[in-house]
Amino acid sequence: EMASEPVARAVAEEVARWGGMRQTGVSLRYMTEFGARPTERNLLLSAQFLHKELPIRIARRALDLDSLPFGLSHKPAVLKVRDWYLDSFRDIRYFPEVSNQDDELAFTQMIKMIRVRHTNVVPTMALGVQQLKKDLGGTKAFPSGINEIHQFLDRFYMSRIGIRMLIGQHVALHDPDPEPGVIGLINTRLSPMLVARLASEDARAICMREYGSAPDVNIYGHPDFTFPYVTIHLHLMMFELVKNSLRAVQERFMNSDKHAPPVRIIVADGAEDVTIKISDEGGGIPRSGLPRIFTYLYSTAEHPPDLDGHNGVTMAGYGYGLPISRLYARYFGGDLQIISMEGYGMSILHFICLCKGVLKSA
Ligand SMILES: Nc1ncnc2c1ncn2[C@@H]1O[C@H](COP(=O)(O)OP(=O)(O)OP(=O)(O)O)[C@@H](O)[C@H]1O
Ligand SMILES: [Mg+2]
């Protein structure tokens, strides 16, 4: 089409311009303080900030998607993701100035829609990487440059967490009747014990569905202990780790007459950090696999789920659970570590470390 070419060029120029601007970080503390007074005026300020900030972050991602090594940029799945970013960039850039409450509500609807559009970015990118992995003949050889892809994906997903946090927080501040202590996506009195229980129940339900039974999960810690954190982030991390543990224990014990040992979760409240330890006796990770568990290409799952199958969440799929969980931990300054212990029932220890009362902007 003749007419669309100049348009495409104009958009490309806009993307390049916005992608080169500096992004502004927002800390958990700032979001908490600002969101504590979700007045009409504050919501308007927040929308005006996002109207400027989101196109910068989204354009940056679209540019990155265009310059990946090994021809990853040209994989159909990656092109699809790139188009989502371009569509969202256009939606925001074509949205007129946000100057009153009606504009603000319309803007909020629009970014809510953008968040939905991008829901499947991670599995779709995974599909692209999967296609590349096939082209390269598997990852056994680990060609140099795979590292580059890994680092790109880490940056890309980290940025995605930030964009979704900003949109999610703005949208959630419109809740007319939040629970006490809840400010948007942040729960200032989050109980890690409670999140551990809910995430474990979710993971066990999937294990039940897939195997017909599930190991127990025992949770230890002070039930009254709370700290400020983003509930969905902690839930996601705990869900992924418990799911891995359940799978390992289930696979190891399902054909034995021994009772499957429980997965253990211990919540420890330290002076500066909250540490959550998750341990299982599911056989551990072979030494040869350990350096690769945090890469986006390592999984021992037999059949990666296919995107069109819509078979929902499965016990294991692309090998994304661990690297993504670690990004969530790091997003607000924490970390995720794994130790594989031979000799003690071949077990795995995970530590999620989260900063208290904080601070970090991303
Ligand atoms: N607790 C554990 N015990 C033994 N092996 C584990 C454990 N946790 C992870 N692994 C190994 O590390 C691999 C990568 O885990 P990861 O959660 O990143 O991906 P996955 O579980 O394969 O797929 P998904 O993306 O669905 O999580 C797993 O396939 C498994 O081989
Ligand atoms: Mg997993």
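**Entry 1: getting started**

Before I list any partners, a ground rule: I call two strands paired when DSSP finds at least two bridges between them. With that settled, I looked at Tyr-220 and found that its bridge partner in strand 5 is Ile-266. I also note that this is a predicted model.

I tallied the secondary structure of the protein chain and got ten helices and eight strands. Of the 362 residues in the chain, 34% count as buried. I then checked contacts between residues at least 6 apart in sequence, and 77% of them join residues at least 24 apart.

**Entry 2: the five-stranded sheet**

I stayed with strand 3 and strand 5. Strand 3 covers residues 217-220 and strand 5 covers residues 263-269; I see them pair in the parallel sense over four bridges. Asn-218 has Arg-264 as its bridge partner in strand 5.

Which strands make up the sheet, and in what order? I read it as an open sheet of five strands, 3-5-6-8-7, with mixed pairing. Strand 3 and strand 7 (335-341) are at the edges, each pairing on one side only. Ignoring direction, I get an average turn of 15° between neighbouring strands of this sheet.

Next I followed the side chains along strand 3. Val-217 and Ile-219 point to one face and are buried. Asn-218 and Tyr-220 point to the other face and are not buried. I jotted down the textbook version too: in a regular strand, side chains alternate between the two faces of the sheet.

Two helices lie across this sheet. Helix 8 (residues 192-211) lies across strand 3, strand 5 and strand 6 (273-280), and I have it running at about 175° to strand 3. Helix 9 lies across strand 3, strand 5, strand 6 and strand 8 (347-355), at about 20° to strand 6.

**Entry 3: the largest nonpolar core**

I went looking for the largest nonpolar core and found 78 residues in it. Which members touch the most others? I have Met-238, Val-242 and Ile-265 down for that. Helix 9 (residues 231-253) gives the largest share of this core, nine residues. Domain 1 (4-180) and domain 2 (185-355) both contribute residues, so I place the core between them.

I took a closer look at Ile-265. Leaving out neighbours within four places in sequence, I find this residue in contact with Ala-196, Val-217, Ile-219, Tyr-220, Ile-276 and Ile-278.

**Entry 4: the three-stranded sheet**

There is another open sheet, and here I count three strands in the order 1-2-4, with antiparallel pairing. Why is one side of strand 1 (182-183) and of strand 4 (227-230) left without a neighbour in the sheet? Both stand at the edges with a single partner strand each, so one side of each has no neighbour there.

I checked strand 2 (residues 186-190) against strand 4: they run antiparallel and three bridges join them. Ile-186 has Val-230 as its bridge partner in strand 4. Helix 2 (residues 28-35) packs on the sheet and touches strand 1, strand 2 and strand 4. I get about 95° between the directions of helix 2 and strand 2.

**Entry 5: around ligand 1**

I found 22 residues surrounding ligand 1. The closest are Asn-244, Ala-248, Ser-299, Thr-300 and Gly-321. Where does the largest share of the shell come from? Helix 9 again, I see, with four residues. Helix 9 and helix 10 (321-331) each supply at least two residues of the shell.

**Entry 6: two aromatics**

I looked up Trp-18, which is found in helix 1 (residues 4-19). Is Trp-18 buried or exposed? I count 21 C-beta neighbours inside 10 Å, so Trp-18 goes down as buried, the threshold being 20 or more. Not counting residues up to four places away in sequence, Trp-18 touches Pro-55, Ile-56 and Ala-59. For Ala-59, 41 residues away along the chain, I have a C-alpha separation from Trp-18 of 6.1 Å.

Last stop was Phe-70, found in the loop between helix 3 (40-65) and helix 4 (76-93). I flagged its phi, near 60°, a positive value in a residue other than glycine. Phe-70 has 16 C-beta neighbours inside 10 Å, so I put this residue down as partly exposed.

Key:
Residues are numbered from 1 along each chain as its sequence is written. Chains are lettered from A and ligands numbered from 1 in the order in which they are written. This is a predicted model: local features need pLDDT of at least 70, side-chain atom pairs count only at pLDDT 80 or more; totals for chains, interfaces and linings use all residues. A nonpolar core is a set of buried Ala, Val, Leu, Ile, Met, Phe, Trp, Tyr and Cys residues joined through C-beta atoms within 7 Å. A residue is buried if 20 or more other C-beta atoms lie within 10 Å of its own, exposed if 12 or fewer, and partly exposed in between; C-beta atoms are placed from the backbone. Domain bounds come from an automatic or database domain assignment. Two residues are in contact if their C-beta atoms, placed from the backbone, lie within 7 Å. Axes are lines fitted to C-alpha atoms, for helices over the stretch in contact, and angles run from 0 to 180 degrees between N-to-C directions. A residue is near a molecule or strand if its C-beta atom, placed from the backbone, lies within 6 Å of it.
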